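Me: I've never read a protein structure before. Could you walk me through one, feature by feature?

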Amino acid sequence: MDLRSLPPEIGKAHSDFAGLLEACTDLDALLRLKGAYLGRDDSFAARMMDTLKASPKEQKKELGIVINALKNQWEEALKSRQSNLEELRRQRAAMSLIWDVTLPPPLPSRGALHPLMRLIDRLADVFRPLGYHVEEGPEAETEAHNFDGLNIPEDHPARGSADTFYFQKHTDLLLRTHTSPVQVRVLKRLAPMIEQKGGIRFLAPGRVYRKDEIDPTHSPMFHQVEGMLVGRGIGMQHLKGTLDYAMKALFGSSADIRFRPSYFPFVEPGCEVDVRCPLCSGTGCRVCKSSGWVEILGAGLVHPNVLKFAGIKSDIWSGFAFGMGVERIAMMVSQTPDLRLFFENDQRFLAAMGGMD
Ligand code: PHE
């Protein structure tokens, strides 16, 4: 075909055509190419028609033949490419309907214990060889167990309705603010047998409630694990040895913990225990509030009044108690910077936590 009587851009467009057509792998691209070559406005075909109009009369016939031949050639090629692409699309759609009946079905997920429950189980495993069994108490507690039996004075701020969820006033019930009321219940129950048993030791895990705003390290409902040991001649050394053993079992032998003096009405002396923040290795981050340490438990030697209230002779028996924050420890073990993740039940988070222990 003699294209010399057409503008050079048409010659170039024609030689590019085969390559461009080949590059169209879907129908949309093909339509765009068709528009550029054969469209009514602003296409190569339209430009050829302009050339034809502007050409001298005696050349019109011959030029018209060339232009028609070109257009037909493009049109044919586009059509055949279009039917190829349509066939390909049909085949793909058909393929996606083919079922391989020999494939095993996707297994339904089996579910698993929540990471916090697994951590509680693990704590129970750490303490079981030391002779601790697991006790439970109610979440709807009486003031007598939650406060009075724990030597917490009438005017203590924790008793206020700003910190504690109370049920209707006349019921005397509240949502326990800690697991320590289980101390009161178990001591009372086991007091008559303390002599035969040679002492008392137990772990009491469970939910507790406080009027706290939700943020990365606080929630109005969280979990504690209470621990208590009563025996003869029990002192601070026993508490320190026990907690050091437990934290090393939990965080590894290089776990770094520190004791700070603190005050709780039901222990004397009282302390708080911190773990060096494994999230930032002590350099400071959101979880440890830049201090490098995270408080994980309160503890101390059982106040003689707590033993006396339960009917245990405090001149013979002494003991220690501790209350751990389960979420705090879970955050440390799993390096999770936001406690809310434990309550949102996002399957991806829970699945990732699968390897927590
Ligand atoms: N019950 C205390 C708290 O919730 C923790 C604690 C338990 C402190 C036992 C001393 C002894 O903060």
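Reply: Sure, let's start with one residue and who it touches. Leaving aside neighbours within four places in sequence, threonine 164 is in contact with Phe147, Ala158, Arg159, Leu174, Leu175, Thr177 and Lys211. Keep in mind that this is a predicted model.

Me: Where is threonine 164 found, and is it buried or exposed?

Reply: Look in the loop between α6 (143-146) and β3 (173-175). Buried means under 20% relative accessible area. Threonine 164 has 1%, so it counts as buried. There's a polar partner too: a polar atom of its side chain lies 2.6 Å from the backbone oxygen of alanine 158.

Me: Can we try that on a residue in a strand? What does leucine 203 touch?

Reply: Leucine 203 sits in strand β4 (residues 200-209). Because its relative accessibility is 4%, leucine 203 counts as buried. Not counting residues up to four places away in sequence, its contacts include Leu123, Phe127, Tyr132, Val225 and Phe322. Now compare that with proline 192: it is 11 residues from leucine 203 along the chain, and their C-alpha atoms are separated by 20 Å.

Me: Next, pockets. How do I read one, and what is the volume of the largest pocket?

Reply: The general idea is that rolling a probe the size of a water molecule over the atoms shows where empty space is left. Here, the largest pocket has a volume of about 920 Å³. Its lining is made of 40 residues, and the closest to its centre are Thr177, Arg210, Phe222, Gln224 and Phe264. By type, the lining divides into 17 nonpolar, 14 polar and 9 charged residues.

Me: Which element gives the most to that lining?

Reply: That's β8 (293-302), with 6 residues. Among the others that each supply at least two are β5 (221-231) and β7 (267-276).

Me: Why is β8 said to be largely enclosed?

Reply: Count its buried residues: 9 of the 10 are buried, so β8 is largely enclosed by the rest of the structure. Then look at its strand partners. β7 and β8 run antiparallel and are joined by 8 bridges, with valine 273 opposite leucine 297. β8 also pairs with β9 in the antiparallel sense, over 5 bridges, and there glycine 300 stands opposite alanine 321.

Me: How about a helix? Which residues of α11 are buried?

Reply: In general, an α-helix has 3.6 residues a turn, so residues three or four places apart point the same way. α11 is mostly covered, with 7 of its 9 residues buried. Those are Val326, Glu327, Ile329, Ala330, Met331, Met332 and Ser334. They pack against α5 (115-127), β5, α9 (236-251), β8 and β9.

Me: And the backbone? Where is there a cis peptide bond, and which residue just after α11 takes a positive phi?

Reply: The cis bond joins glutamate 268 and proline 269, with omega at about -5°; proline 269 belongs to strand β7. As for phi, glutamine 335 comes just after α11 and has a value of about 55°. Serine 290 also has a positive phi, about 65°, although it is not a glycine. You'll find serine 290 in the loop between β7 and β8, where it is exposed, with a relative accessible area of 59%. Asparagine 345 is another non-glycine with a positive phi, about 55°. Asparagine 345 lies in the loop between α11 and α12 (347-352) and is partly exposed, at 47%.

Technical notes:
Residues are numbered from 1 along each chain as its sequence is written. This is a predicted model: local features need pLDDT of at least 70, side-chain atom pairs count only at pLDDT 80 or more; totals for chains, interfaces and linings use all residues. Side-chain values use heavy atoms; hydrogens and water are left out. Helices (H or I, at least four residues) and strands (E, at least two) are DSSP runs, numbered from the N terminus. Buried means under 20% relative accessible area, exposed over 50%, partly exposed in between (1.4 Å probe, protein chains only). A polar contact is a pair of N or O atoms within 3.5 Å; within protein, one must be able to donate a hydrogen and the other to accept it, and residues adjacent in sequence count only if both atoms are side-chain atoms. Contact means heavy atoms within 4.5 Å. On a 1 Å grid over the protein atoms alone, a cavity is a set of points where a 1.4 Å probe fits but cannot get out, and a pocket is an open set with protein on both sides within 12 Å along at least five of seven lines; lining residues have an atom within 4 Å of a point. Grid points are joined across faces, edges and corners, and a volume is the space filled by probe spheres set on the points. Ala, Val, Leu, Ile, Met, Phe, Trp, Tyr, Cys and Pro count as nonpolar, Asp, Glu, Lys and Arg as charged, and the others, Gly among them, as polar. Two strands pair if DSSP finds at least two bridges between them.
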